[in-house]
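These are notes for a colleague coming to the model for the first time. Please read them with the structure open.

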Amino acid sequence: QKMPPSLPATINIREPRWDQSTFQGRAKHFFMVTDPRNLLLSGATLEEARRVVEDYRAGTVHPGLTEDQLWRAKYIYDSAFHPDTGEKMILVGRMSAQVPMNMTITGCMLTFYRTTPAVLFWQWVNQSFNAIVNYTNRSGDAPITPGQLGTAYVSATTGAVVTALGLKSLTKHLPAIIGRYVPFAAVAAANCINIPLMRQRELKLGIPVTDENGNRVGESTAAAQKAIFQVVVSRIGMAAPAMAIPPVIMNMLEKRAFLKRYPYLNAPLQVGLVGLCLVFATPLCCALFPQKSSMPVSSLEPEVQDRIRKKDPRLETVYFNKGL
């Protein structure tokens, strides 16, 4: 039997498989990255994917390896290992955990929004989860101290709870459908607090910026600001369909005899509807901006511009990992 030809060692697996300059290419990439089935992969499968990817990057092609197998290994690797540090990410902090975790938490937030203890509890659960995700998917390779983590977590949780309780009291005399949107407003506000705080070290010290070949040319706080703004917009967009569409449907269903007869189906239905929205909203909103973002050297801080121009006067654009 004839052996298949050996795979060339020239495929660039440091970049995604699809063109990241187009929304369609980014969407295909993130449908792979956020696939919840990646959570079910064993430690041995993850390590094998890491070995295939790292060997290939080092110029070693495993015998019989096909291009599809290589890309599959790359996406398994990307789903579990941090792009800057290479360390294995916390399971619930991975992007592949976004749909199952968020559908459960968001479904419960939308179901149990009527009492103050329920609002407090589910906002706390949501911000605890967000803190893990924001830490796990931070940009750069600089460590964050336990003190910074604690401050970010407490501030974001407090912000979400205060927003939720404040809006809840304001909507008491408004139609019930308005009250259902309180959790979304709280989540949007908390994202604006949680993400910058969890990534405050980047705002103070900057994130690595590189040339188009991946060579590090400095650290920039301007790049960090752009990265964090893009992530905040993506996260709010990600939450919007899951928190805006199910309340309308549930409001209609609760007026029907079916849900009045079987009220215990309220939470499972809500969670299912949220899950359906998130399966599409998560990858599509991650795809709003390229993961490998860019900005002109002229937009960086003056001292960073000076250092880059001394190293490479012809460099006009720098690139950075925006995080997720």
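1. Cys 286 is buried, since its relative accessibility is 2%; buried stands for under 20% relative accessible area, exposed for over 50% and partly exposed for what lies in between, with a 1.4 Å probe and protein chains only. Cys 277 is also buried, at a relative accessible area of 16%.

2. The model is a predicted one, in which local features need pLDDT of at least 70 and side-chain atom pairs count only at pLDDT 80 or more, while totals for chains, interfaces and linings use all residues. Residues are numbered from 1 along each chain as its sequence is written, and side-chain values use heavy atoms, with hydrogens and water left out.

3. How many disulfides are there? The count is zero, where a disulfide is taken as a pair of cysteine sulfur atoms within 2.5 Å. Cys 277 cannot form such a bond because the closest cysteine sulfur, in Cys 285, is 11 Å from its own, which is too far. Cys 286 is in no disulfide either; its nearest cysteine sulfur also belongs to Cys 285, at 7.6 Å.

4. Cys 285 turns up again beside Ser 234, a residue of helix 10 (residues 221-253). Helices here are DSSP runs (H or I, at least four residues), numbered from the N terminus, and strands are E runs of at least two. With neighbours within four places in sequence set aside, Ser 234 is in contact with Cys 285, Leu 288 and Phe 289; contact means heavy atoms within 4.5 Å. Ser 234 is buried, with 4% relative accessible area.

5. The domain assignment divides the protein chain into domain 1 (23-88) and domain 2 (95-321); such bounds come from an automatic or database domain assignment. The C-alpha centres of the two domains are 25 Å apart. Domain 1 gives 17 residues to the contact and domain 2 gives 23 residues.

6. Where is Glu 67? It lies in helix 3 (residues 67-80) and is partly exposed, with a relative accessible area of 37%. Outside its neighbours within four places in sequence, Glu 67 is in contact with Leu 7 and Ile 11. Glu 67 and Ile 11 are 56 residues apart in sequence, yet 8.6 Å apart in space from C-alpha to C-alpha.

7. Thr 66 sits in the loop between helix 2 (43-57) and helix 3. This residue is partly exposed, at 35% relative accessibility. Its C-alpha atom is separated by 9.7 Å from that of Pro 8, 58 residues apart along the chain.

8. The axes of helix 5 (residues 116-136) and helix 8 (residues 182-198) come within 10 Å and cross at roughly 35°. Axes are lines fitted to C-alpha atoms, for helices over the stretch in contact, with angles from 0 to 180 degrees between N-to-C directions. The crossing is right-handed, meaning that the near helix is turned clockwise from the far one by less than a right angle; anticlockwise would be left-handed. Residues making the contact include Gln 123 and Asn 126 of helix 5 and Pro 183 and Ala 186 of helix 8.

9. Helix 5 also crosses helix 6 (residues 146-170), at roughly 145° and with axes that come within 9 Å. This crossing is right-handed as well. Among the residues that meet are Trp 124 and Tyr 135 in helix 5 and Leu 149 and Lys 168 in helix 6.
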